[in-house]
Structures are given as structure tokens and as C-alpha cells.
Amino acid sequence: KAMEQMGADIAEYYPVSDGNIEAGDLVSISNRKESILSSTSTDYLVEKSGRAYDSKLLGVISSDAAVIINSGNLNVAPKQILKPVSLVGRVPVKVSLENGPIAIGDYLTSASSTPGVAMKATGRGKVIGMALEDYNPNATNTDSNVPNIGKIMMFMNVGWYNGSSVASTTDVMLSGGFFEKLKNLVEFAIDTITGFPKLIVN
């Protein structure tokens, strides 16, 4: 229920057409459009993330959100259902050992071997959050028949990983002198309007 105080994350409803998507799955914005009543298309359709460092990573299907916004006020196609996608806070996420054991503090991204599953981020690219728990089942279980997919608690922190730290989308926009150039443009516009131009140093 919307605004129901329960877990430790904030989620928002998004439509899915895959009935197998469940809590803990990593999801991305889909490129697909599905008709609604044969006239319009569904927006914001999400699907399991299926490639490493997916640039369209959005969030994780929440299992027990503290707050759910947009409580079902979306048009969906007949075969679609709404799922709460965690956007911020602590949330359980499915993980694998595709990129090695996961330690507390490691950044997580989408894996390529199993759709909807996260792995440890070791290269540059989009990440979904930070691991709050270790994950290394092979350390205590050497049975090759045991699947190396489980769940750990993660802190949502969507951003771009450079190999050592994460920059948010806002940080990326403001990098490379973007903010300074924007500031100069605003000052130039003001000076032009008021008739008192001044030297702007790039």
C-alpha cells in the first residue's frame, strides 16, 4: 500500500510484462513498447537487467518498501502488472559471483550471465549501489552443484563507477567545467540585458 511504513527503502511503481520478475531482481528501462487497448503505448516499462554495466539500470524490485509513491496510477497493457522498484534506501538484491566474491563496501552492477542479478563492479560503468553484506558462498561450500546466486542487503546509490569511486548523475553533469560555463552564460545574459557587460574568463 502507498505510504505504508514497513521496510527501509522508497519505491515507485513501474509496469512489467514478465510475470517472473520478483523481489530482489535488478531492473532496467526497456526499449520495448506494448499497446494499451490497441491505441497507445506503455511508458516506463521495466525488465530484468541483462547485460553487464547496463546503462539503463533503474533500481531493484522492492520486497518491503517503507514508502511507495505513484500508487498504481499508471496505464498498463492487459498482460502487465505493476511492481515496486526501489529507488533509494536499503534493499535486498540478488547477487552472483560472476565478478568474484563480494565484500562489504563493494559497488554492485548488473551481471551478464543471469538476468536480474547483480555482481561486483570492477570496471568503469553504471552501478546500482553498495553492498552492506559479504557474499562468498564458495568460502564455506565447495559443492559445484550449489548455485552461486543469493541475496544480500544493498544501499541504493545509482551512479557511474570509475574504478574507485562513484559519481552521481548530477556530479557527471557538473564535471568538466559545465557548471562554470553555465554560470558564465547566465552572467553574460544578465550583463547584456542590463547593459553593463564585463569580462568573462573561460
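In this predicted model, Lys 94 is buried, its relative accessible area being 14%. Two acidic partners are found for this residue. With Asp 25, Lys 94 forms a salt bridge in which the closest N and O atoms are 2.9 Å apart. That pair joins distant parts of the chain, since Asp 25 belongs to the loop between strand 1 and strand 2 and Lys 94 to strand 8, with 69 residues separating them in sequence. Asp 25 is also buried, at a relative accessible area of 1%. The second partner is Glu 22, whose salt bridge with Lys 94 has a closest N to O distance of 2.7 Å. Here too the link spans distant parts of the chain: Glu 22 sits in the loop between strand 1 and strand 2 (26–29), Lys 94 is in strand 8, and the two are 72 residues apart. Glu 22 counts as partly exposed because its relative accessibility is 40%, a value between the limits of 20% and 50%. Taken together, Glu 22, Asp 25 and Lys 94 are linked in a network of salt bridges.

The total for the model is three salt bridges. One of them lies between the side chains of Asp 106 and Lys 120, with an N to O distance of 3.8 Å. This pair likewise connects distant parts of the chain, with Asp 106 in the loop between strand 8 and strand 9 (107–110), Lys 120 in strand 10 (residues 118–120), and the two positions 14 residues apart. Asp 106 counts as buried because its relative accessibility is 17%, which falls under the 20% limit. Lys 120, at 24% relative accessibility, counts as partly exposed.

Side chains of opposite charge can pair when their charged atoms come close. Glu 12 presents another case: this residue is buried yet has no salt bridge. The nearest side chain of opposite charge is that of Lys 126, 14 Å away, whereas a salt bridge requires a nitrogen and a carboxyl oxygen within 4 Å, so the pair does not qualify. Glu 12 is located in strand 1 (residues 9–16). Its side chain does make a polar contact, at 3.2 Å, with the side chain of Tyr 14. Beyond four places in sequence, Glu 12 touches Ile 69, Asn 70, Lys 83, Pro 84, Val 85 and Leu 87.

Strand 1 also contains Ile 10. At a relative accessibility of 36%, Ile 10 counts as partly exposed. Ile 10, Ile 69 and Val 88 make up a nonpolar surface patch of about 210 Å². Ile 69 thus appears twice in this account, as a member of that patch and as a residue in contact with Glu 12.

Strand 8 (residues 81–96) includes Ser 96, in addition to Lys 94. Ser 96 is buried, with a relative accessible area of 5%. A polar atom of the Ser 96 side chain lies 3.3 Å from the backbone nitrogen of Glu 98. When residues up to four places away in sequence are set aside, Ser 96 touches Ile 102, Ala 111, Val 117, Ala 118, Met 119, Tyr 135, Asn 148 and Ile 149.

Asn 148 is also in contact with Asn 138, as is Leu 97, once neighbours of Asn 138 within four places in sequence are left aside. Asn 138 belongs to the loop between strand 11 (125–131) and strand 12 (149–161). Its relative accessible area of 39% makes Asn 138 partly exposed. The C-alpha atoms of Asn 138 and Pro 101 are 8.4 Å apart in space, while the two residues are 37 apart in sequence.

For the protein as a whole, two helices and 13 strands are assigned. Of the 202 residues, 36% are buried. Among contacts between residues at least 6 apart in sequence, 71% join residues at least 24 apart. The accessible surface amounts to about 11,400 Å², and carbon and sulfur atoms account for 56% of that area.

Notes:
Residues numbered from 1 in each chain as written. Predicted model: local features only at pLDDT ≥ 70, side-chain atom pairs only at ≥ 80, totals over all residues. Heavy atoms only, no water. Helix = DSSP H or I, 4+ residues; strand = E, 2+ residues; numbered from the N terminus. Buried < 20%, exposed > 50% of the residue type's maximum accessible area, 1.4 Å probe, protein only. Lys, Arg positive; Asp, Glu negative; His and termini not counted. Polar contact = N/O pair within 3.5 Å; in protein donor to acceptor, adjacent residues only side chain to side chain. Contact = heavy atoms within 4.5 Å. Patch = residues over 30% accessible without salt bridge, like charges linked within 9 Å, V, L, I, M, F, W, Y side chains within 5 Å. Areas by Shrake-Rupley, 256 points an atom, 1.4 Å probe, with all protein chains shown as cover.
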